[in-house]
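Work through the exercises below with the sequence and the model side by side. Try each task before reading its solution.

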Amino acid sequence: MTGRGQARRALAICAALAGVLAAAGCRPPGAHPPPGLSASAAPPDALDQRVGVLLADQGSSRSCTASVVDSPSHDLLITAAHCVTNSDGTPMTGLSFAPGYRDGQTELGTWTVDRVVTDERWQKDADPEYDVAFLTVQPSAGKQIEDVVGGNRLGVNRGFDLAVTITGYPYDHEEPITCSTRTSAQSATQERFDCGGFSDGTSGSPWLTDLGPADGGGTVVGVIGGYQEGGDSPAVSYSVSFDDRVSALYQQATG
């Protein structure tokens with residue numbers, strides 16, 4: 001299966017070459033989601049400014065969703081590995097990040113990605129147990145990205161059945177969508193949430209818990225990816241469980 005980011009990116013490239021312009025939450029463990037549960041438009045607040053779109057091909061097409069994570073250098077993003085690597089596991093080039101993207105506008109600026117960090121098991125075999133990536137970005141207008149929009153904390157070994165809010169960018173939306181729900185176990189090392197609307201483009205969307213005031217941020221405990229590269233239905237989404245695997249990758253990205 002092609003992931004929620006890569007499939008659409010390929011279509012966007014084809015559309016651009018053809019001169020076509022593209023218009024551009026609650027499940028207890030073991031239960032089915034209520035009928036009609038779906039994401040809604042996210043408000044333009046300080047918290048959602050930490051989430052944005054990855055732009056591919058030198059900014060000519062949209063890829064996935066990413067978000068800012070707190071780090072010592074204030075320059076770190078998190079997303080899904082399948083969003084930022086080629087079919088042979090090598091990092092994509094020509095990526096940039098636009099936080100708070102709305103209506104085709106990048107009013108908060110864009111930051112150029114200069115490093116893609118993924119686990120070697122993803123690089124070799126596209127192992128869905130390691131579908132997470134950290135990205136470092138260059139300063140923009142002399143400022144690090146976290147100093148402009150803030151950064152969410154990284155949370156590991158938090159378990160399942162967490163209250164989370166997920167915000168992401170489907171390709172058929174020019175503003176982000178959001179849903180508040182609970183996580184549940186897909187397997188011992190993968191988790192899920194059930195909420196409609198998370199279609200192509202939402203891979204990499206952060207799962208935030210411990211939300212405080214709008215400017216206080218939250219704790220990232222997942223990103224859409226992993227099993228089925230995030231899911232083959234917009235109503236059910238997956239993530240690698242954030243445990244020691246993700247902690248080790250974070251240390252590699254910030255070391």
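The exercises go from the whole chain to single residues.

The model is predicted: local features need pLDDT of at least 70, side-chain atom pairs count only at pLDDT 80 or more, and totals for chains, interfaces and linings use all residues. Residues are numbered from 1 along each chain as its sequence is written, and side-chain values use heavy atoms, with hydrogens and water left out.

**Exercise 1. The chain as a whole**

Task: State how many helices and strands the chain has, and what percentage of its residues count as buried.

Solution:
- Step 1. Helices (H or I, at least four residues) and strands (E, at least two) are DSSP runs, numbered from the N terminus. The chain has 4 helices and 15 strands.
- Step 2. Buried means under 20% relative accessible area, exposed over 50%, and partly exposed in between (1.4 Å probe, protein chains only). Of the 255 residues, 52% count as buried.

**Exercise 2. Two sheets**

Task: Find which strands close into a barrel, and which are the edge strands of the open sheet of 3 strands.

Solution:
- Step 1. Two strands pair if DSSP finds at least two bridges between them. In the order β2-β3-β4-β7-β6-β5, 6 strands close into a barrel with antiparallel pairing.
- Step 2. Neighbouring strands of this sheet are turned by 45 degrees against each other on average, direction ignored. For such angles, axes are lines fitted to C-alpha atoms (for helices over the stretch in contact), and angles run from 0 to 180 degrees between N-to-C directions.
- Step 3. Take one pair from the barrel: β6 and β7 run antiparallel and are joined by 4 bridges. Val116 stands opposite Leu135 in β7.
- Step 4. The open sheet has the order β11-β12-β15, again with antiparallel pairing. Its edge strands are β11 (184-185) and β15 (236-240), each of which pairs on one side only.
- Step 5. Between β11 and β12 (residues 190-194) there are 2 bridges, and Ala185 stands opposite Glu191 in β12.

**Exercise 3. The nonpolar core**

Task: Say how many residues the largest nonpolar core has, and which elements each supply at least two of them.

Solution:
- Step 1. A nonpolar core is a set of buried Ala, Val, Leu, Ile, Met, Phe, Trp, Tyr and Cys residues joined through side-chain atoms within 4.5 Å. The largest one has 23 residues, and Leu54, Leu77 and Phe97 are among those with the most contacts inside it.
- Step 2. β2 (51-56), β3 (61-69), β6 (111-117), β7 (133-137) and α3 (145-149) each supply at least two residues of this core.
- Step 3. Contact means heavy atoms within 4.5 Å. Neighbours within four places in sequence aside, Leu54 is in contact with residues including Val84, Phe97 and Leu135.

**Exercise 4. Two threonines**

Task: Explain why Thr136 and Thr85 count as buried, and find which side chains they join in polar contacts.

Solution:
- Step 1. Thr136 lies in strand β7. Thr136 counts as buried because its relative accessibility is 8%.
- Step 2. A polar contact is a pair of N or O atoms within 3.5 Å; within protein, one must be able to donate a hydrogen and the other to accept it, and residues adjacent in sequence count only if both atoms are side-chain atoms. The side chains of Thr136 and Asp114 are joined by a polar contact of 2.6 Å.
- Step 3. Thr85 is found in the loop between β4 and β5 (96-99). Thr85 counts as buried because its relative accessibility is 3%.
- Step 4. The side chains of Thr85 and Trp122 are joined by a polar contact of 3.0 Å.
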